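Me: I want to check the labels on this model one by one. Show me the chain, then I will ask what each label rests on.

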Amino acid sequence: MIKRLLRRVLRLGARPDHDVIPKAKHGIGRERLSNGARKVCDTLQGAGHQAYVVGGAVRDLLIGVRPKDYDVATNASPEEVHRLFRRSRLIGRRFKLAHVMFGDETVEVSTFRAGNSDTSPDESDAEKKPASAPEHRPRRGTGDHARSGAMENARLVDEHGRVLRDNVYGTREQDAARRDFTLNALYYDPSTETVLDFHNGMRDIKHRTVRIIGDPGARFREDPVRMLRAARFAAKLDFTIEARTREPISKLADLISNVPPARVFDEMLKLLLSGHAASAVRQLRDDGLHHGLLPMLDVILEQPLGKKFVNLALEQTDERVRVGKPVSPAFLFATLLWHEVLAGWKSAEKSGLKPIPALHRAMDDVLDAQTDKLAIPKRFTAVMKEIWALQPRFEARSGKRPYSLLANERYRAAYDFLLLRAESGEVSEDLSGWWTAFASAEADDQQLMLLAPSPGQSKPRRRRKRSGRSDGGAPQSGPAPE
Ligand code: ATP
Ligand code: MG
């Protein structure tokens, strides 16, 4: 009887807790990795450590998408990683990570962790958590278990179950279990070209499913940002959120408001710049999830006019991301909030303010309201203000003013913004068309354009306007960009 029990225990112990998938099945050869990722793994393994490419890069390679960057997980401590690579630095206050640089590439190397919160170094800064991760000096070449550095007060949870602090190094298995979705918990070993699959991630990728690891409610409470991530991955990969994973989201959506705004902002930015923002936002809205999850979109998406404008902006951004053109987050946020600014502008004018001061009041009010929830960094709000403040100046199409607007360093962004306004029907296409022509005209033709009254503009009206909105107080641009 005891013998049988023992045999059972031994058999259980021997059962592998993960699948090892050979190259013949997944098809990723090590040459598909970036130079940096390969070198980091080779060097770490050469020094006796474990090292795997993890997270988004493995997922993307399996799906056939080119990874945008590489993360490596290892049982070496950040200090050990730092010592092995000349061009590396330690980052993150709460939880140290190493960044290893190869030319233009930066590989993020994190030490296996237990627990379930985000690895993002920004999170630690955003949450202003104490820099309390004690030095962890695992012995070189020892097994995983020697590296579990549980320590007192290492894990701190708020009343909603959100993990506030989580300072525990762990085993490879624990590292896999604390990741968010099964498709993000695959470990690629470049030396054997095998994929280690701890949570059936391969199956879920095959079935195009976003499935949270563990109990959905508990995992979303630990870190509500995962709800946004679920929507982002579903949209980006064209996957479906598994029913059990999706189920608690609408109930828990409000928990996002407990997350430090800087982190919500980072995750929102990733969602909006994923190249699939329009469908991600649509998905959130269809599920009734934009309330709370996307505070900024709450109001806007409810307004019919705003909706068209925002959708246009999102679709254009997606298009730019997909063809590899640069995208300006400030521009995008300026579009998302424009209809709120317009509404505020109107009501400030009604309350007796002159047009330009009214616009500035509206801009400040809208940004103040958003920073509470979303913490749009100053470097973005400064540019947003400039783009907004230049809009009334497009109305002035005579004298010297068009030239000074053209020479403004924000002209291009402000003009693109004007095109969107025209396309959504907020201003006439004549106006945007005039600027398109004016900007590309020869000097002589520009002169002629100034003299000719523009379509839809009678001279007397222009004169009235000149003494009013457009010229009365030339809107000051926002603070200089960074
Ligand atoms: P992307 O391609 O958009 O960068 P990603 O999956 O690499 O997607 P990252 O934010 O770079 O996303 O995170 C890297 C990995 O860290 C994820 O794949 C996941 O395993 C883990 N991770 C990130 N954020 C969380 C989180 N909030 N909770 C749990 N695990 C997370
Ligand atoms: Mg990544």
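Me: What makes S6 count as mostly covered?

Reply: The model is predicted, and the label is a count of residues. S6 has seven residues, and five of them are buried. Buried means under 20% relative accessible area.

Me: Which helix lies across S6, and at what angle to that strand?

Reply: Helix H3, residues 35-46, runs at about 40° to S6. H3 also lies across S2 (51-54), S3 (71-74), S5 (97-102) and S9 (186-189). S6 itself spans 105-111.

Me: Which other helix packs on the sheet, and which strands does it touch?

Reply: Helix H4, residues 56-63, touches S2 and S9. The direction of H4 makes about 60° with that of S2.

Me: How do you know that S3 and S6 are paired?

Reply: Two strands pair if there are at least two bridges between them. S3 and S6 have four, in the parallel sense. So the pair passes the cut-off of at least two. Thr74 stands opposite Thr111 in S6.

Me: And what makes S5 and S6 a pair?

Reply: S5 and S6 are joined by five bridges, in the antiparallel sense. At least two are needed, so the pairing holds. In S6, Thr106 is the bridge partner of Met101. The two strands form a hairpin with two residues between them, and there Gly103 takes a positive phi near 55°.

Me: What is the strand order of the sheet, and why are two strands called its edges?

Reply: The order is S1-S10-S9-S2-S3-S6-S5-S4. This is an open sheet of eight strands with mixed pairing. The edges are S1 (19-21) and S4 (88-91), as each pairs on one side only. Neighbouring strands are turned by 30° against each other on average, direction ignored.

Me: How do you know that S1 is paired to S10?

Reply: Three bridges link S1 to S10 (residues 194-197), in the antiparallel sense. The cut-off is at least two, so the two strands pair. One of the bridges puts Ile21 with Val195 in S10.

Me: Why is Glu193 called buried?

Reply: Its relative accessible area is 18%. The limit is under 20%, so Glu193 is buried. Glu193 lies in the loop between S9 and S10. The phi of Glu193 is near 55°, a positive value in a residue other than glycine.

Me: Asp238 also has a positive phi. Is Asp238 buried or exposed, and why?

Reply: Asp238 is exposed, because its relative accessible area is 59% and exposed means over 50%. The phi of Asp238 is near 60°. Asp238 sits in the loop between helix H10 (225-237) and strand S12 (240-241).

Me: Why does Gly170 count as buried?

Reply: Gly170 has 2% relative accessibility. That is under 20%, so the label is buried. Gly170 is in the loop between strand S8 (163-166) and helix H7 (172-177). The C-alpha atoms of Gly170 and Arg113 are separated by 4.2 Å, with the two residues 57 apart along the chain.

Me: Why is Thr317 called buried, and what is in contact with Thr317?

Reply: The relative accessibility of Thr317 is 6%. The limit is under 20%, so Thr317 is buried. Thr317 lies in helix H17, residues 304-322. Leaving aside neighbours within four places in sequence, its contacts are Leu272, Leu273, Val327 and Leu332.

Me: How do H22 and H23 pack, and what is the hand of their crossing?

Reply: H22 (residues 411-423) and H23 (residues 429-440) pack at about 145°, with axes 8 Å apart. Their crossing is left-handed. From H22, the contact includes Tyr411, Leu418 and Ala422. From H23, Leu431, Trp435 and Ala439 are among the residues that take part. By class, the contact has eight nonpolar, two polar and two charged residues.

Me: Now the whole chain. What are the totals for secondary structure and burial?

Reply: The protein has 26 helices and twelve strands. Of its 482 residues, 54% are buried. The protein exposes about 22300 Å², and carbon and sulfur atoms supply 52% of that area.

Me: What share of contacts joins residues at least 24 apart?

Reply: The share is 69%, counted among contacts between residues at least 6 apart in sequence.

Definitions and conventions. Residues numbered from 1 in each chain as written. Chains lettered and ligands numbered in written order. Predicted model: local features only at pLDDT ≥ 70, side-chain atom pairs only at ≥ 80, totals over all residues. Heavy atoms only, no water. Buried < 20%, exposed > 50% of the residue type's maximum accessible area, 1.4 Å probe, protein only. Contact = heavy atoms within 4.5 Å. Areas by Shrake-Rupley, 256 points an atom, 1.4 Å probe, with all protein chains shown as cover. Axes fitted to C-alpha atoms, helices over the stretch in contact; angles between N-to-C directions. Left-handed = near helix turned anticlockwise from the far one by under 90°. Nonpolar A, V, L, I, M, F, W, Y, C, P; charged D, E, K, R; others polar.
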